[in-house]
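Reader: I would like a close look at one part of this model, namely how its helices pack against one another, together with a careful word on how far the prediction can be trusted there.

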Amino acid sequence: MTVAQGVFYLIAALAVTGGLGVVLMRSAVHAALFLILAMLAVAGLYILLASEFLALVQVLIYGGAVTVLLIFALMLTRASDLPETMVGSQWPLAAVVSSLLGGLLIAAVATSNWPGDVGETTLVPFEVLGDALFRRWAVPFEIASLVLLVALVGAIVLSHQDEGE
Amino acid sequence: MSMPSAGINIENAWLDAFVGVIVIVGLMTVVVMALIYIERKVAARMQNRLGPMRVGPHGTLQSLADALKLIGKEDLRPATADRWIFELAPFAVFVPTFLAFIAIPFTQNLAISFLDLGLFYVVAVTGLSFLGFLLAGWASDNKYALLGGMRAAAQLISYEVPLVLSLLAVSMVAGSLALHEIVEFQGRVPLVVWQPLAFFIFIAAVLAELERQPFDIPTAESEVVGGPFIEYSGIRWSMFFLASYASLFIYSLLGAIVFLGGWNWPLGAEAGLWLQLIWTFAKTSLLILLFIWIRFSFPRLRIDQLMSYCWKVLIPLSFLQIFLNGLVLVYGWPHIFLLLTSGAGLALAGYIIARVGQTEPRKVRLIPVRGGRKATASLTAPEGAEGGSSA
């Protein structure tokens, strides 16, 4: 087993632990922490796949910005006062859906034809990435940022209405 | 010189990592103890007293004595605290700071790792430290701690934006995100000359990121009695302290490398290893002293002042800086235009701040408790006006 493989299994184990923790933890804040663990582990996988830019973006956006929103929401709302139910009334439905999805994913993995050895990895320098994003795909990029802006303004308007009441 | 990724070097990768960790932790401990001593001495000098004098000659061993005392203290945990998160929080502050160290080059050849995206890496990793403050505040099960934690998170997240944007402006001029290449760019003129506005924004944002006076609102003694650290004692408390001084060092080092020319200016890259090291640390010390000086010169801001300063002054100015840089660089105007436009921006910033200093302090509007008693509503604007504007 090479070093890269060792690192991969370590990170993969962390990611799986994180994922299980999100589902199994009783406290919502603990679950959020496991989510962070899972996301940072995915960033580790990106580094292992030689796409460091993606890894850093993952750390910055998912590790930082997204989780802070999540944790703020959990800590400031009454989420912790809710009864800690592990099994809701809709569990048979959830079980069917998740086992179907799980079966589908396992079938996809099992039937795929994996190239055993990819040989040479092509590194995409992030200059190329930026060039594509801001020249070739500038319009979709701007539209995406406009959508986010609208969401932001909407959130502000909604929270102000709350205050006015 | 890319990240040590997929292919990875040798069987020694684990050993390399281990040595790196030992070096970082050892260096940081020494640096932090020195910094604490220096800060106390400088503060004493400014306040016309002697500072630590008892332990060792001129009190030089005071930090060591304090460290030993802290290690020996009882590690208390409130009975109602969330056990795991309470014990995890100091690490969540501590680890990102130390991770940032990996990418920072001290001289031309001396760094744990030369990353192509070094600047981006440092920003991304240090951005995680808010989590520790938030968790510490929440897990302590203490109202003041929670308030402090929330303040810390809000402040760190807000000020990360101008910090990142000012660094982005600089990397536009240097044309690279690799820290060693940014330094190489500054062989003849340090970037602070081309980008004075970005430097100003950087200093202000770093002060807020470090939670030092005048931006120490999350840990303000008179308001939240120490904020997130209120319930911590002994070794865990000292970890927060260690992380705070370690990030003071890291950000100063980053400023010295990105804005002041690192090891390259003014002697050039041909200077010997030790000379380069001395230049880097001299510039870092300069910034550290600047931060200490500011700390003991300005009173603390209020939280709403802090937030509006960030969102209404620093962020628009940093966008202005980026826009101006884009203009100059795209049209290929000579670098002197960078200085002129950025200098004009700095003058604008100075004007805004001077004007705020002269105006009457704004009255804080009290927001009534939501869903609470009807009587409080009459404290603010008439109900009709409020409903009309939002409809």
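Author: A brief look at chain A comes before the packing itself: read from the N terminus, its elements run α-α-α-α-α-α, so that the secondary structure amounts to six helices and zero strands. Chain A has 165 residues, of which 15% count as buried, and among its contacts between residues at least 6 apart in sequence, 48% join residues at least 24 apart. This is a predicted model, and it scores ipTM 0.77 and pTM 0.82.

The packing can be followed in chain B, beginning with helix 3 (residues 83-100) of chain B and helix 11 (residues 234-258) of chain B, whose axes come within 9 Å and cross at roughly 25°. Since angles under 35 degrees count as roughly parallel, helix 3 of chain B and helix 11 of chain B are therefore roughly parallel to each other, and their crossing is left-handed. On the side of helix 3 of chain B, the contact is made by B:Pro90, B:Val93, B:Phe94, B:Thr97, B:Phe98 and B:Ala100, while helix 11 of chain B brings B:Arg236, B:Met239, B:Phe240, B:Leu242, B:Ala243, B:Ala246, B:Ser247 and B:Ile250. Sorted by class, the residues of this contact between helix 3 of chain B and helix 11 of chain B are 11 nonpolar, two polar and one charged.

Another pair in chain B is formed by helix 6 (residues 143-174) of chain B and helix 13 (residues 303-330) of chain B, which pack at an angle of about 15° with their axes 9 Å apart. That angle makes helix 6 of chain B roughly parallel to helix 13 of chain B, and helix 6 of chain B passes helix 13 of chain B in a left-handed crossing. The contact of helix 6 of chain B with helix 13 of chain B has 18 nonpolar, six polar and one charged residues.

As for confidence, the mean pLDDT of chain B is 81, with 88% of its residues reaching 70 or more. Among the elements of chain B, helix 9 (residues 196-209) of chain B has the highest mean pLDDT, at 91, whereas helix 15 (residues 383-390) of chain B has the lowest, at 39. Over residues 1-10 of chain B pLDDT stays under 50, and the model has 20 contacts beyond four places in sequence for them; over residues 373-391 of chain B pLDDT likewise stays under 50, with 15 such contacts. Where pLDDT is low, the predicted coordinates should not be read in detail.

Terms used:
Residues numbered from 1 in each chain as written. Chains lettered and ligands numbered in written order. Predicted model: local features only at pLDDT ≥ 70, side-chain atom pairs only at ≥ 80, totals over all residues. Axes fitted to C-alpha atoms, helices over the stretch in contact; angles between N-to-C directions. Helix = DSSP H or I, 4+ residues; strand = E, 2+ residues; numbered from the N terminus. Parallel < 35°, antiparallel > 145°, perpendicular 65-115°, else oblique. Left-handed = near helix turned anticlockwise from the far one by under 90°. Nonpolar A, V, L, I, M, F, W, Y, C, P; charged D, E, K, R; others polar. pLDDT = per-residue confidence, 0-100. Contact = placed C-beta atoms within 7 Å. Buried ≥ 20, exposed ≤ 12 C-beta atoms within 10 Å, placed from the backbone.
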